[in-house]
Amino acid sequence: MEATYQPGLENVIASETAISYLDVEQGEIVLRGYDLIELANKVTYLDIVGLLLDGVLPDAEQRRSLEQKLIAEYEFPQNVLTMLQLLPKQSNLMDVLRTGISAIACYDEELEDRSRDANYRKSIRLLAKVPQIVANGYRAVTKQSFIEPRPDLSYSGNFLYMITGKVPPETEEKVFDQSLIVYSEHEMPNSTFAARVIASTQSDMYGALSGAVASLKGTLHGGANEAVMKFLLEAGSVEEMESLILNKLARKERMMGFGHRVYMKKADPRAVLMREALAQLAREKNREDLYNMCVIGEEVMNREKKLFPNLDYYAAPVYYLLGIPIDLFTPVFVAARTIGIAAHVIEQHANNRLFRPRVLYTGLRGLHPQT
Ligand SMILES: CC(C)(COP(=O)(O)OP(=O)(O)OC[C@H]1O[C@@H](n2cnc3c(N)ncnc32)[C@H](O)[C@@H]1OP(=O)(O)O)[C@@H](O)C(=O)NCCC(=O)NCCS
């Protein structure tokens with residue numbers, strides 16, 4: 001087979017999958033046969049968990065059973081919480097999360113079992129525990145007391161409650177749930193690829209997820225949502241937004257939250273959905289100024305660079321209005337994506353071929369050591 005080289009593996013098919021597919025032409029994100037955006041408007045994040053793990057949307061009984069399985073795994077090793085408290089105050093919350101995931105791996109008695117059933121149970125454990133690492137990891141490094149999960153709340157309601165310390169009103173829980181859905185799975189981004197590469201050595205699900213967290217930390221990937229919010233706060237007003245963007249572009253800097261390797265010159269359907277969610281939330285919270293700033297930013301980037309916003313651009317102000325600390329925006333993305341990554345690890349283990357590509361060698365040859 002002739003070897004070809006594509007920098008950044010652009011347009012290279014890295015894997016077969018029956019999980020998801022970005023149909024850019026049709027503007028559809030296919031998730032096990034469904035349109036992700038339609039799902040986000042009609043079902044809950046818990047249904048997406050069922051769909052990704054079992055391959056079909058759960059009925060009411062199956063949803064209840066899934067919820068019970070998650071609640072049964074809420075118990076969290078105290079030693080890991082104590083360990084997180086030892087981390088320094090300036091820790092990046094993505095590093096705290098990565099550390100927490102590695103630590104809870106050591107408590108999973110099925111860690112080395114790669115069978116489908118064991119991987120399924122590990123996915124449930126991770127889904128139950130990752131939001132707790134996100135919320136209590138933040139509390140650990142900011143020296144606040146820990147918070148217990150509340151089984152009487154929905155999965156998303158409890159997650160938001162653990163972050164903010166307040167039971168969210170129904171409308172806010174709904175927006176947060178929708179954001180988790182649109183973050184849940186997205187074909188083969190850098191982080192999912194990293195997870196599948198790790199899983200392909202027969203390494204375990206926790207290790208694959210930790211690798212994905214490291215990938216997601218970067219500002220070209222998940223870290224963009226935090227960078228977007230910092231930019232919006234720096235701009236501070238509709239008037240400042242345009243000039244700040246123009247200055248940035250003049251300095252040849254990237255505007256975070258715009259562009260995408262696959263969509264690039266097309267709208268990200270997830271961003272369109274989150275823009276609607278932001279409009280609603282901004283009205284409710286009397287923060288139409290934030291919404292207007294984002295819309296101006298979108299117009300300027302379209303006019304100047306023909307670039308469209310990606311999900312992170314609109315998820316950032318949504319999370320801000322939900323009262324989520326900025327340092328937790330990317331960890332929340334990880335928590336939402338845990339189910340997507342878990343599904344990919346299960347698929348990789350079920351039909352494995354070790355990833356081992358080749359290189360285009362540009363170094364020297366023919367050298368000999370002096371003797
Ligand atoms: C996501 C991203 C890494 C994809 O990049 P890519 O496929 O590698 O695209 P390239 O870096 O080749 O960019 C193509 C062109 O668009 C420009 N461009 C892409 N994204 C840009 C951005 N956010 N701001 C300004 N210019 C951008 C590049 O400068 C380049 O211009 P040039 O051809 O004049 O040099 C890129 O769009 C980006 O850095 N976005 C900001 C980070 C972000 O929001 N990440 C979250 C992604 S979901």
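Arg98 touches Ser210, Val213 and Ala214, leaving out residues up to four places away in sequence; contact here is a pair of C-beta atoms, placed from the backbone, within 7 Å. Arg98 sits in helix 5, residues 93-105. Helices are DSSP runs of H or I with at least four residues, strands are runs of E with at least two, and both are numbered from the N terminus. Please keep in mind that this is a predicted model, where local features need pLDDT of at least 70, side-chain atom pairs count only at pLDDT 80 or more, and totals for chains, interfaces and linings use all residues. Residue numbers start from 1 along each chain as its sequence is written.

**Two residues in their helices**

- Arg98 counts as buried because 23 other C-beta atoms lie within 10 Å; the cut-offs are 20 or more such atoms within 10 Å for buried, 12 or fewer for exposed, and partly exposed in between, with C-beta atoms placed from the backbone.
- From Arg98 to Thr142 the separation is 44 residues in sequence and 17 Å in space, C-alpha to C-alpha.
- Val318 belongs to helix 15, which covers residues 311-321.
- Why is Val318 buried? Val318 is buried because 25 other C-beta atoms lie within 10 Å.
- Setting aside neighbours within four places in sequence, Val318 is in contact with Val175, Ser179, Met274, Ala277, Leu278 and Leu281.
- Val318 and Ala271 are 47 residues apart along the chain, and their C-alpha atoms are separated by 11 Å.

**The chain as a whole**

- The protein chain has 16 helices and 3 strands.
- With 371 residues, a compact globule would have a radius of gyration near 21 Å, and the protein chain agrees at 21 Å; the radius is taken over C-alpha atoms, and the globule rule is 2.2 Å times the number of residues to the power 0.38.
- Along the principal axes, the C-alpha atoms fill a box of roughly 65 × 55 × 45 Å.
- Of the 371 residues, 44% count as buried.
- Among contacts between residues at least 6 apart in sequence, 74% join residues at least 24 apart.

**Domains**

- The protein chain is assigned domain 1 (28-217 + 325-350) and domain 2 (224-321), with bounds that come from an automatic or database domain assignment.
- The C-alpha centres of domain 1 and domain 2 are 26 Å apart.
- Across the boundary, 14 residues of domain 1 are in contact with 16 residues of domain 2.
- On the side of domain 1 that touches domain 2, helix 1 (36-42), helix 8 (170-183) and helix 16 (329-350) each supply at least two residues.
- Helix 8 gives the most to that side of domain 1, with 5 residues.
- By class, the side of domain 1 that touches domain 2 has 9 nonpolar, 4 polar and 1 charged residues; Ala, Val, Leu, Ile, Met, Phe, Trp, Tyr, Cys and Pro count as nonpolar, Asp, Glu, Lys and Arg as charged, and the others, Gly among them, as polar.

**The sheet**

- The 3 strands form an open antiparallel sheet in the order 1-2-3, where pairing requires that DSSP finds at least two bridges between two strands.
- Strand 1 (20-23) and strand 3 (34-35) are the edge strands, each pairing on one side only.
- Strand 1 and strand 2 (residues 28-31) are joined in the antiparallel sense by 4 bridges.
- Facing residues across strands 1 and 2 include Tyr21 with Val30, Leu22 with its bridge partner Ile29, and Asp23 with Glu28.
- The hairpin of strands 1 and 2 has 4 residues between the strands, and Gly27 there takes a positive phi near 65°.
- Side chains alternate along strand 1: Ser20 and Leu22 point to one face and are buried, whereas Tyr21 and Asp23 point to the other and are not.
- Strand 2 alternates too, with Ile29 and Leu31 buried on one face, and Glu28 and Val30 pointing to the other and not buried.
- Strand 2 pairs with strand 3 in the antiparallel sense over 2 bridges, and Val30 stands opposite Asp35 in strand 3.
- Between strand 2 and strand 3 the hairpin has 2 residues, and Arg32 in the turn has a positive phi of about 45°.

**Around the ligand**

- Which residues are closest to the ligand? They are Ala224, Arg254, Phe258, Gly259 and Arg261, from a shell of 15 residues; a residue is near a molecule if its C-beta atom, placed from the backbone, lies within 6 Å of it.
- The shell around the ligand has 6 nonpolar, 5 polar and 4 charged residues.

Key. Two residues are in contact if their C-beta atoms, placed from the backbone, lie within 7 Å.
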